Amino acid sequence: MSNLHLKQILCLIPASFFITLPGHAAENGLSLGLGASYATSTYKNYDESTLPIPVINYDSDVFFIHSLTAGAYLYQDQYNVLQAAVSYYAQEFDPSDANDSQMKLLDKRSSTAMGGISYTFRSPLGNFTTSVAGDILDETSGGMLASAQYDYPIPFTQKLVVVPATGLKYTNSKLNQHYYGITARESALSGLAEYTPGSAVTPYFGLTLKYNVSDRLGAFVSSRYQILPTEIKDSPMVDSNHTIQTTAGISYQF
């Protein structure tokens, strides 16, 4: 398998901390486009979000940019890819977006940036990816996550590739406390019960479709379904047992 094909597959499949978007990637090339992301909220009585997202894919033999992720290939061959990257971690909670009087009295939870490494092994039976990352801006006071994912690209036609995926995402107690915990001060102010979550493992399932409209123009849609673990579901901030995130867009290869 060529390095070009490996890079195309990596762009299609988001590891749990590399917030990559599928696009029309090229070896030693650049593609630009625009996408939109829709996500259901884990928080109760909270506005769901639809956001425009730039689709940027640049690859050289060493460096890459995959939309909201930038990094370097530490090693790659026909079957193995080891990369280090920094990625935008988009989750946040803004009390002003809550439609609940108690939730409006909680502290704001900011998004952050994650830095870490990811390893992908491609076999005839599919791709296996593991990753580990930490909060490099310290917004979460030591938040970390790790993941293990399996995916299997299926070329339906010369133009269409369908990629089902499944995986597990581990988040430590620091990350969960930042996004789902309620301190004693917040509890006294809002009336919601104090809550201190531990670490958690979140299973997820995904499906990506990539269609080459022409040699230079590509389109994609990617969706992920997450089953929320007890540590997250039990938070007084949460009233759902799952989340769904869908991203779609187009890109042009230069």
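This passage walks through the strands, the core, the salt bridges and the surface of one predicted chain.

The model is predicted, so a few ground rules apply: local features need pLDDT of at least 70, side-chain atom pairs count only at pLDDT 80 or more, and totals for chains, interfaces and linings use all residues. Residues are numbered from 1 along each chain as its sequence is written, and side-chain values use heavy atoms, with hydrogens and water left out.

Overall, the chain has 4 helices and 13 strands; these are DSSP runs numbered from the N terminus, with helices being H or I of at least four residues and strands E of at least two. Of its 254 residues, 49% are buried. Here buried means under 20% relative accessible area, exposed means over 50%, and partly exposed is in between, using a 1.4 Å probe and protein chains only. The accessible surface adds up to about 11,600 Å², and carbon and sulfur atoms account for 61% of that; such areas come from the Shrake-Rupley method with a 1.4 Å probe, and for residues only the protein chains shown count as cover. As for contacts (heavy atoms within 4.5 Å), 60% of those between residues at least 6 apart in sequence join residues at least 24 apart.

On to the strands, where two count as paired if DSSP finds at least two bridges between them. β4 (residues 69–76) runs antiparallel to β5 (residues 80–89) over 7 bridges, and the two make a hairpin with 3 residues between them. In this pairing, tyrosine 75 has leucine 82 of β5 as its bridge partner. β5 is also joined to β6 (residues 112–123), again antiparallel, by 10 bridges, with valine 81 partnered by threonine 120 in β6.

Another run of pairings is built around β10 (residues 160–171), which lines up antiparallel with β8 over 7 bridges. Alanine 146 sits opposite tyrosine 170 of β10. The short run β9 (residues 154–155) pairs with β10 through 2 antiparallel bridges, and 4 residues separate β9 from β10 in a hairpin. Proline 155 is matched there with valine 161 of β10. β10 pairs with β11 (residues 200–212) as well, in the antiparallel sense over 12 bridges; valine 163 finds its bridge partner in threonine 208 of β11.

Methionine 144 belongs to β8 (residues 144–151). Its relative accessibility is 40%, so methionine 144 counts as partly exposed. Setting aside residues up to four places away in sequence, methionine 144 touches Val132, Ala133, Gly134, Tyr170, Thr171, Asn172 and Leu175. Methionine 114 is 30 residues from methionine 144 in sequence, with 8.3 Å between their C-alpha atoms.

Inside the chain, the largest nonpolar core has 20 residues, of which Tyr43, Phe93, Met103, Leu106 and Met237 touch the most other members. Helix α2 (residues 173–180) gives the most to this core, with 3 residues. A nonpolar core is a set of buried Ala, Val, Leu, Ile, Met, Phe, Trp, Tyr and Cys residues joined through side-chain atoms within 4.5 Å. Beyond its neighbours within four places in sequence, leucine 106 is in contact with Phe93, Pro95, Ile182, Glu186, Ser190, Leu192 and Met237.

The whole structure holds 2 salt bridges, each a side-chain nitrogen of Lys or Arg within 4 Å of a carboxyl oxygen of Asp or Glu. One brings together the side chains of aspartate 107 and arginine 185, at 2.4 Å from N to O. Aspartate 107 lies in the loop between β5 and β6 while arginine 185 is in helix α3 (residues 184–190), so the pair ties together parts that are 78 residues apart in sequence. Aspartate 107 is partly exposed, at 31% relative accessibility. Arginine 109 forms a salt bridge with glutamate 186, their closest N and O atoms being 2.9 Å apart. Arginine 109 is in the loop between β5 and β6 and glutamate 186 in helix α3, so this pair links parts 77 residues apart in sequence. Arginine 109 and glutamate 186 are both buried.

Finally, Leu30, Leu32, Tyr58, Val62, Phe63, Ile65, Tyr252 and Phe254 form a nonpolar surface patch with about 730 Å² of accessible area together. Patches are made of residues with over 30% relative accessible area and no salt bridge; like charges are joined within 9 Å, and nonpolar side chains (Val, Leu, Ile, Met, Phe, Trp, Tyr) within 5 Å. β1 (29–39) and β3 (63–66) each supply at least two residues of the patch. Tyrosine 58 sits in β2 (residues 49–59) and is partly exposed, with a relative accessible area of 34%.
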